[in-house]
Amino acid sequence: MTLTSPKNATLNPMNGKSLNITEEKLARLREVLPEAFAEGAIDWEKLRVMLTRDGGFKDERYHLNWAGKTEAYRALQAATTATLGPCREESVGFDGAGHVFIEGENLAVLKVLQKACFGKVKMIYIDPPYNTGNDHFIYPDRFAMSKKDYQKRVGDMDGDGRLTREGLFRKNSRDNGHYHSNWLSMIYPRLFLARNLLRDDGVIFVSIDDNEAHNLRLVMNEIFGEENFVADFAVIRAEGGGLAKQVVKGHDYLLAYARNIARFNPLKRPKDVRGQIIEENGVKYWLEEDWLRKEFGKYGTCHYEEVEKIKGAEKKQEIDKGIRDGIYRLIKKRNGKHVVARLRVLAEDGSKFYSILKHLSANGVRDLASIGMKEYFDYPKPVSLIKELILGASFHTKSDGDIVLDFFAGSCSTAHAVLDLNKEDGGARKFICVQMPEACDEKSEARKAGFKTIADIGKERIRRVIKNGRLNAGLKVFKLRESNFKPWRGDVQDAAELAAQMQLHTDPVVDGARTEDILYELLLKSGVSLTAPLRDHGGWYLAEDAGAKIAVALQRIDAATLKDILAAGPDKVITLDRLFQGNDQLKTNTALQMNDAGVGFEVV
């Protein structure tokens, strides 16, 4: 048999280079034994097992593994001291706003949200990089990277605060020997942390294409559990012909996993009801007119006047009682007779999802065009897709206060969908959108229009949807920032360095830290949500979240202030050590009063 090299082998005599003998042999070997290769390199253990009768695989069990998985675990386990700083100037009605946009690297943001959002999110939708070979995303391409190197890369931004592609934000080329591994190392810790944020009845949807669909399914099985698999949807995104080497690709995939399948209700969409819709006491009903005809048979009747004749007096009495109880209604027809209509709660009638969904990419472009942003983002997800998923996930509930999270927010189609749905049905859903400040291409229409980053596009889209729709909705913008408190170095052993560090921590607050930034950092790290009601009492603040009250004193602590705080009945009080100005007696008395009142007390 003659072995010939594939088209991509380095055999071109016109490229100015001599023949690469090693690559030539590898190319020929790949033709004969493609199964012995992984990520472009020979898997020597597999090759040995294939070509010899002695021995076997060292770790013979079913599991997902890749180069860098250990580092992916370390990445998700590493604690962060980062925080979120409020950005009022980019927000809409900051005080009292229920929706949140966070600008920052999403792995760090997910860590920051662990306390405040743990077990609170009803639905997550993400559209991560598909690993096409041209994607830029964050991945640990050096698997033995030190903490110092990582921190340097995290802080690798330009003068305008945009993540630079030369630093942390890099292209994952197909030529990279760890092409699939890099993508897995990127997605794994983010999905792992995201699972913690879901409610017990929550669900996550992840869009993907052929490049990593197979790996994503395995990752999701490992993180969420194979038993919590809900569906693998095919989403039709294009119709018609196209230029393709093999097959015209008109669909992507959408994986759905429940947090706990035992607590998760099936996804449903409202039925295409036929009949009059009425509203009584704030509840929508539809009048099902043909139910009785179906009971009588295909050629029967559903006229009230003929029930006793056809079905007997017992059936007539049952219907009369149902009319008195409000279960049935009589609707007069043109022939003078009455139809017995059954009253059905509209929200309770739905059909289960079909595994093929149709939401064309062109609709996503039209969504942006409707608010004057057509040219500013490539391949935006259709708002209709996200709306269908939100409705399906919350079909069995009123959805009031449901949180929808998207930590690969892009142009913020998810935020657009939540705002549209709330306007349509009066719901009170909330969104949290997270997007990195990835720089827009210098030659792009978005950059020409003044948008420096993709995050800027997302924020502006949300503001326009709120304004154009005349929505009574607010938006809180936060940005990932370093802590407002000096870090304590636990690795210091030298006595002089330790003394210097202790001197620095007589007041751990960073010089120049804003009061509002300190406030939100303390609340976040105490597990208070970013949208919790917050009242300023002139020197101290009171936050109420999930039935708990937390008071934060940042400007003064004295007898009068302490009296006011305790009168508010907080569950916990947080204050700064510097407010006591070295008065240990005041601090001790304050702690005793808190203890007597059964209030938790923390001094920072």
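1. In this predicted model, D209 is in contact with Y130, T132, K249, D252 and Y253, leaving aside its neighbours within four places in sequence. The residue sits in the loop that joins β8 to α8 (213-224).

2. D209 is buried but forms no salt bridge. Its nearest side chain of opposite charge is K249, at 5.4 Å; a salt bridge would need a side-chain nitrogen within 4 Å of a carboxyl oxygen. A polar atom of the D209 side chain does lie 3.1 Å from the backbone nitrogen of N211.

3. Strand β8, which precedes the D209 loop, belongs to an open sheet of 10 strands with mixed pairing. The strand order is β3-β20-β4-β19-β18-β5-β8-β10-β9-β17. The edges are β3 (83-86) and β17 (356-358); each has a single partner strand, so one side of each lacks a neighbour in the sheet. From one strand to the next the twist averages 25°.

4. At the β17 edge, the pairing with β9 (residues 229-236) is parallel and runs over 3 bridges. Within this pair, A234 stands opposite I356 of β17.

5. Two helices that pack on the sheet deserve a mention. Helix α7 (residues 179-197) touches β5 (121-126), β8 (198-208) and β18 (403-406), and its direction makes about 155° with that of β8. Helix α18 (residues 515-524) touches β3 and β20 (475-481), with its direction at about 140° to that of β3.

Methods: Residues numbered from 1 in each chain as written. Predicted model: local features only at pLDDT ≥ 70, side-chain atom pairs only at ≥ 80, totals over all residues. Heavy atoms only, no water. Pairing = 2+ DSSP bridges. Helix = DSSP H or I, 4+ residues; strand = E, 2+ residues; numbered from the N terminus. Axes fitted to C-alpha atoms, helices over the stretch in contact; angles between N-to-C directions. Contact = heavy atoms within 4.5 Å. Buried < 20%, exposed > 50% of the residue type's maximum accessible area, 1.4 Å probe, protein only. Lys, Arg positive; Asp, Glu negative; His and termini not counted. Polar contact = N/O pair within 3.5 Å; in protein donor to acceptor, adjacent residues only side chain to side chain.
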